[in-house]
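Let's take a friendly walk through a protein model together. Have the sequence and the 3D view at hand as you read.

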Amino acid sequence: MHVLSVSSLKGGVGKTTVTLGLASAAFARGVRTLVVDLDPQSDVSTGMDIQVAGRLNIADVLANPREKVVRQAITTSGWAKVHPGTIDVLIGSPSAINFDGPHPSVRDVWKLEEALATIEADYDLVLIDCAPSLNALTRTAWAASDRVIVVTEPGLFSVAAADRALRAIEEIRRGLSPRLQPLGVVVNRVRPQSIEHQFRIKELRDMFGPLVLNPQLPERTSLQQAQGAAKPLHVWPGDSAQELAADFDALLDRVMRTGRIPIPGDVASV
């Protein structure tokens with residue numbers, strides 16, 4: 001089971017959108033996927049069409065990461081009505097904010113890792129939608145992760161936030177979790193005709209080199225439309241949606257190669 005955190009230390013850059021795009025690509029590919037909604041805003045849970053009534057959630061899991069609690073906090077996404085496959089959500093909750101203090105104990109930091117270990121046989125890929133800060137929730141996510149993808153957009157403050165995130169990942173790798181590595185930086189909401197955007201992308205490449213992932217994700221309304229309808233991007237009609245779906249397929253390829261995730265139906269990879 002490969003665990004990937006989707007992070008940004010600046011709000012509003014489309015971190016949850018990238019999580020949903022990768023989840024849609026994984027579901028379309030037949031990869032057994034769990035999305036952990038660790039952001040107290042819980043937008044991933046909404047975008048994946050889940051029923052929260054009568055279920056436990058991420059706050060319950062962080063309070064008590066036993067297998068019974070974990071399984072009661074996981075539910076099947078409404079996306080599963082679209083076509084067969086495993087696409088589940090560990091349900092988000094505004095109450096997760098209670099676990100987001102600035103100075104978590106070592107015990108608390110490892111609770112999500114402990115929880116995910118109980119369900120390791122059930123999934124090939126876990127995507128964690130992180131909180132947009134470097135407090136306890138993000139540290140908890142990174143401690144449970146193999147890789148982190150940092151989401152940014154081509155703007156001055158977002159570039160600085162990406163730099164802070166990569167430095168923080170290295171700090172966590174050295175001090176807490178030696179297996180943790182950055183997958184790279186994905187640049188979201190790009191307008192190819194914008195001179196400012198091209199300048200900022202060059203700045204990112206100069207700073208981070210090959211850590212800047214291809215493709216960059218263009219600004220598209222189709223993704224917001226699919227999210228608003230709580231549908232996976234890969235079934236949303238129109239050329240714009242399908243072009244963006246292909247971009248997420250390419251990013252997923254990178255995730256799967258890095259994580260050595262078996263390709264469903266590929267006998268050679270098993």
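Let's begin with one residue: Lys111 sits in helix α6, which covers residues 111–117. Helices here are DSSP runs of H or I with at least four residues, strands are runs of E with at least two, and both are numbered from the N terminus. Is Lys111 buried or exposed? Lys111 is buried, because its relative accessible area is 13%, and buried means under 20%, exposed over 50% and partly exposed in between, using a 1.4 Å probe and protein chains only. Leaving aside residues up to four places away in sequence, Lys111 touches Leu62, Ala63 and Pro65, where contact means heavy atoms within 4.5 Å.

A word on the source: this is a predicted model, in which local features need pLDDT of at least 70 and side-chain atom pairs count only at pLDDT 80 or more, while totals for chains, interfaces and linings use all residues. Residues are numbered from 1 along each chain as its sequence is written, and side-chain values use heavy atoms, without hydrogens and water.

Now for the sheet. Its 7 strands form an open sheet with mixed pairing, in the order β3-β4-β2-β5-β1-β6-β7; two strands pair if DSSP finds at least two bridges between them. At the edges are β3 (74–76) and β7 (181–187), each pairing on one side only. Here are two of the pairings:

| Strands | Bridges | Direction | One bridge pair |
|---|---|---|---|
| β1 (residues 2–7) and β6 (residues 147–152) | 4 bridges | parallel | Ser5 and Val148 |
| β6 and β7 | 6 bridges | parallel | Val151 and Val186 |

Although β7 is an edge strand, 5 of its 7 residues are buried, so β7 is largely enclosed by the rest of the structure. Helix α11 (residues 239–259) lies across β1, β5 (125–129), β6 and β7, at about 175 degrees to β7. Such angles run from 0 to 180 degrees between N-to-C directions, with axes fitted to C-alpha atoms, for helices over the stretch in contact.

Finally, look inside. The largest nonpolar core has 44 residues, and Trp142 is one of those with the most contacts inside it. Such a core is a set of buried Ala, Val, Leu, Ile, Met, Phe, Trp, Tyr and Cys residues joined through side-chain atoms within 4.5 Å. Helix α8 (residues 156–175) gives the most to this core, with 7 residues. Apart from this core lies another, of 38 residues, including Ile149 and Leu244.
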